[in-house]
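Biologist: Please take a close look at the salt bridges in this model. I would like to know which side chains pair up, where they sit and how accessible they are.

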Amino acid sequence: MDKLKTMEEYWDIRSDGFSKGVLDELNEKHGYWKEKMSGLLKDAPEGRVLDIGCGPGIFTIILSELGYGVTAFDFSSEMLAEAKKNAESYGVKAEFMQGDAQNLPFEDGSFAVVVSRNLTWNLEQPERAYREWLRVLKPGGIIINCDGNHYSHYYREEYRLEREQPEYKDGHNPEYLKNIDVSIIDDIARELPLSKELRPTWDISFLINEGVGYAGAEIMRKEFTDAEGIKHSIIKNFILKAQRA
């Protein structure tokens with residue numbers, strides 16, 4: 001079975017618990033994400049938003065509330081079902097489509113904005129995905145990508161050391177997992193290309209080489225002191241913004 005099919009089945013199984021976690025986050029950080037997205041997209045051209053790898057629909061909901069027409073797009077049919085249900089519960093409407101983020105079924109320049117959250121680390125062909133996202137953007141269109149160095153511990157000593165800290169949490173909240181075997185996605189992630197890269201440096205460099213007018217990121221770090229008393233500061237998550245020329 002290829003990785004894409006395995007990931008589809010994994011996220012289908014995870015969809016219910018993952019949706020509950022996202023809804024808890026949305027209830028807690030609703031104002032934060034609304035303000036954050038409003039600021040990031042203040043210079044976006046008019047037009048629709050493509051929420052790629054929409055999952056349970058947190059960005060679909062936020063951006064619909066901000067007045068954008070949103071196309072929610074995910075490879076997992078069960079995640080799409082959760083996104084649709086959650087959008088309805090928040091009283092917003094969107095278009096829902098199933099498909100591959102690396103092979104988009106849209107014409108050139110179809111969207112003003114492409115947003116994504118915790119998707120690109122999953123991809124077997126991130127370069128192809130970014131090129132597709134740029135292709136479907138209007139001139140001046142914006143990409144917002146929220147992601148992180150989720151599996152860098154396989155390849156970077158500092159990230160491995162972080163996992164040895166007493167307070168370390170791996171992000172797999174048992175409350176939302178329902179006895180799901182997360183080793184399935186962990187084993188796949190070990191072989192995925194972006195697990196080997198330091199991000200968002202890789203993303204910014206790639207997008208600049210692709211000719212975007214602007215690319216930068218807000219970075220969230222984790223600081224810790226290891227067993228030998230050495231201090232470390234690692235990049236955990238980031239919010240990347242790129243604007244097509």
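Modeller: A residue counts as buried under 20% relative accessible area, as exposed over 50%, and as partly exposed in between. The model is predicted. By that scale Lys85, with 45% relative accessibility, is partly exposed, because its value falls between the two cut-offs. Its partner is Glu82: the two side chains form a salt bridge with an N to O distance of 3.2 Å. Glu82 has 10% relative accessibility and is therefore classed as buried. This pair joins a buried acid to a partly exposed base. Both residues belong to helix α3, which covers residues 77–89, and they are three residues apart, or about one turn of the helix.

A second pair spans a longer stretch of sequence. Arg131 and Glu210 form a salt bridge in which the closest N and O atoms are 3.3 Å apart. The pair links distant parts of the chain, 79 residues apart: Arg131 lies in helix α4 (residues 126–135), and Glu210 lies in the loop between α8 (201–209) and β6 (214–225). Arg131 has a relative accessible area of 42%, so it is partly exposed. Glu210 is partly exposed as well, because its relative accessibility is 33%.

A third pair is Arg160 and Glu164, whose side chains meet in a salt bridge at 2.4 Å, N to O. Arg160 has a relative accessible area of 33% and is therefore partly exposed.

Salt bridges also occur here as a network, and one such network links Asp108, Glu132 and Arg135. For the whole structure, the search finds 17 salt bridges; the pairs described above, including Glu82 with Lys85 and Arg131 with Glu210, are among them.

For a point of reference away from the charged pairs, take Ala189. Ala189 sits in helix α7, residues 183–191. With a relative accessible area of 0%, Ala189 is buried, because a value under 20% places a residue in that class. Leaving aside residues up to four places away in sequence, Ala189 touches Trp121, Tyr151 and Ser195. Of these contacts, Tyr151 is 38 residues from Ala189 along the chain, and their C-alpha atoms are separated by 6.7 Å.

Conventions. Residues are numbered from 1 along each chain as its sequence is written. This is a predicted model: local features need pLDDT of at least 70, side-chain atom pairs count only at pLDDT 80 or more; totals for chains, interfaces and linings use all residues. Side-chain values use heavy atoms; hydrogens and water are left out. A salt bridge is a side-chain nitrogen of Lys or Arg within 4 Å of a carboxyl oxygen of Asp or Glu. Helices (H or I, at least four residues) and strands (E, at least two) are DSSP runs, numbered from the N terminus. Buried means under 20% relative accessible area, exposed over 50%, partly exposed in between (1.4 Å probe, protein chains only). Contact means heavy atoms within 4.5 Å.
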